[in-house]
Amino acid sequence: MRASTWRNAVNAPGESLPLAAIFATVLTWGIVSPVIKTASLDGPALAFYRLSIGAVVLLVVVRATGTTLRTPSWRLAVLGGALFGVNVILFVLSIKLTTVANATLIGALQPAIVLVVAGRWFGETVSRREITCVALAIAGVAIVILGSAGTPEWNILGDFLAVLAVLTFTAYFLITKRVRATSGTLGYMALVHLVATVVATPAVLARPGSLGGLDVRDVLIVLFFALISGTLGQMVIGWTHRFVDVSVSSLLLLGVPVVAAVSAWLMIDEPLGPVQIAGASVTLVAIGAMVWRRPPAEPEDVMVPAAIAAE
């Protein structure tokens, strides 16, 4: 393909290229959870590498594009970065402790939680149908947890950390929605990653030895987590929102917990019983019905489940 043809495809790609990019990202975000679980590094070390490498990459891009890190809402940006750092740590710890299916499905509740509080924060109307969808989504997660309880892979602390992860990401999401009214995306995300890295640092300083002793496999996992599924994945999704309707992209992203659960079954032999499959189906269908045909949102403010965004 000629360079000019490629530039035209990127500048005006229609929907084919963005949809393909979303599908590729869904696969990447789904696969990364069982991959994280197999790493010899502990949760805080993985989170630190994810955030610090992402911060470096974003700072390089900021420098190359001449973007500024200054923002009128810098206090909120710092708070958002702190919440994001805590979220990534909690998410990785939950993946390490409990089943991949539980951790990723609990994270998928984030759009439902946002909807519950959106009315007060942003004056959005929440219908009875949407409230019903939220209740069904939560019930589906409860079914999945009950279905996995007692299995060797299940851990109640891991499920609890996944709940804390989705709550911290929801707070980060709502703060980001406010900050984005006055700040550019790239500069804001770079600042968020810088603050998040600072927040993650004390956790690894408590065990400085956890950052060392990486073999080739661990290095590849870190790079995949930090660069491919993390920084690149978020940038790709941000780009696709310019061309794909928010409701469509939100529905496609609900495939991440499905890919994660199937990948965990194939890669690390994590069981998937009929009760878990039924509960996950209830949750994903309910959230899908909730986000479909919602009023259009700003591209940067699309609702992305916490377990997805952390990746």
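1. The residue D269 is located in the loop that joins α12 to α13 (274–291). In this predicted model, D269 shows a positive phi of about 60°, although D269 is not a glycine. The residue is also exposed, because its relative accessible area is 59% and the exposed class begins over 50%.

2. As to the overall architecture, the protein contains 14 helices and zero strands. Read along the sequence, the pattern is therefore one of α elements from start to end, α-α-α-α-α-α-α-α-α-α-α-α-α-α. Of the 311 residues in the protein, 50% are buried.

3. Helix α2 covers residues 16–38, which is 23 residues. From its first C-alpha to its last, α2 reaches 34 Å, close to the 33 Å expected at 1.5 Å a residue. A kink of about 30° is nevertheless present in α2 at V32, shortly before the proline P34. The student may wish to find V32 and P34 in the structure and follow the helix through this kink.

4. Helix α3 (residues 43–65) likewise has 23 residues. At 1.5 Å a residue α3 should span 33 Å, and this agrees with the 33 Å that separates its end C-alpha atoms. What follows α3 in the chain? The helix is followed by G66, a residue with a positive phi, near 70°.

5. The N-terminal end of α3 deserves attention. D42 caps this end: one of its side-chain oxygens lies 3.0 Å from the backbone nitrogen of A45. D42 also forms a salt bridge with R207, and the closest N and O atoms of the pair are 2.8 Å apart. D42 belongs to the loop between α2 and α3, whereas R207 belongs to the loop between α9 (185–205) and α10 (216–240), so the pair ties together parts that are 165 residues apart in sequence. The structure holds one salt bridge. As general background, side chains of opposite charge can pair when their charged atoms come close.

6. Is R207 buried or exposed? R207 is exposed, because its relative accessible area is 52% and the exposed class begins over 50%. A206 is found in the loop between α9 and α10, and A206 also counts as exposed, at 63% relative accessibility. The C-alpha atoms of A206 and P44 are 9.8 Å apart in space, while the two residues are 162 apart in sequence.

7. A nonpolar patch of about 800 Å² is found on the surface. Its members are L27, I31, V258, V262, W265, L266, M267, L272 and I277. Which helix gives the most to this patch? The answer is α12, with five residues. Both α2 and α12 (255–268) supply at least two residues each. L27 has its place in helix α2 and is partly exposed, with a relative accessible area of 48%. This value lies between the 20% and 50% limits, which is why L27 is placed in the middle class. In general, an α-helix has 3.6 residues a turn, so residues three or four places apart point the same way.

8. The final point concerns L254, which is found in the loop between α11 (246–253) and α12. L254 is buried because its relative accessible area is 9%, and the buried class lies under 20%. L254 and L284 are 30 residues apart along the chain, and 6.6 Å separates their C-alpha atoms.

Notes: Residues numbered from 1 in each chain as written. Predicted model: local features only at pLDDT ≥ 70, side-chain atom pairs only at ≥ 80, totals over all residues. Heavy atoms only, no water. Helix = DSSP H or I, 4+ residues; strand = E, 2+ residues; numbered from the N terminus. Expected span 1.5 Å × (residues − 1). Bend = angle between axes of the 7 residues up to and from the residue. Polar contact = N/O pair within 3.5 Å; in protein donor to acceptor, adjacent residues only side chain to side chain. Patch = residues over 30% accessible without salt bridge, like charges linked within 9 Å, V, L, I, M, F, W, Y side chains within 5 Å. Areas by Shrake-Rupley, 256 points an atom, 1.4 Å probe, with all protein chains shown as cover. Salt bridge = Lys/Arg side-chain N within 4 Å of Asp/Glu carboxyl O. Buried < 20%, exposed > 50% of the residue type's maximum accessible area, 1.4 Å probe, protein only.
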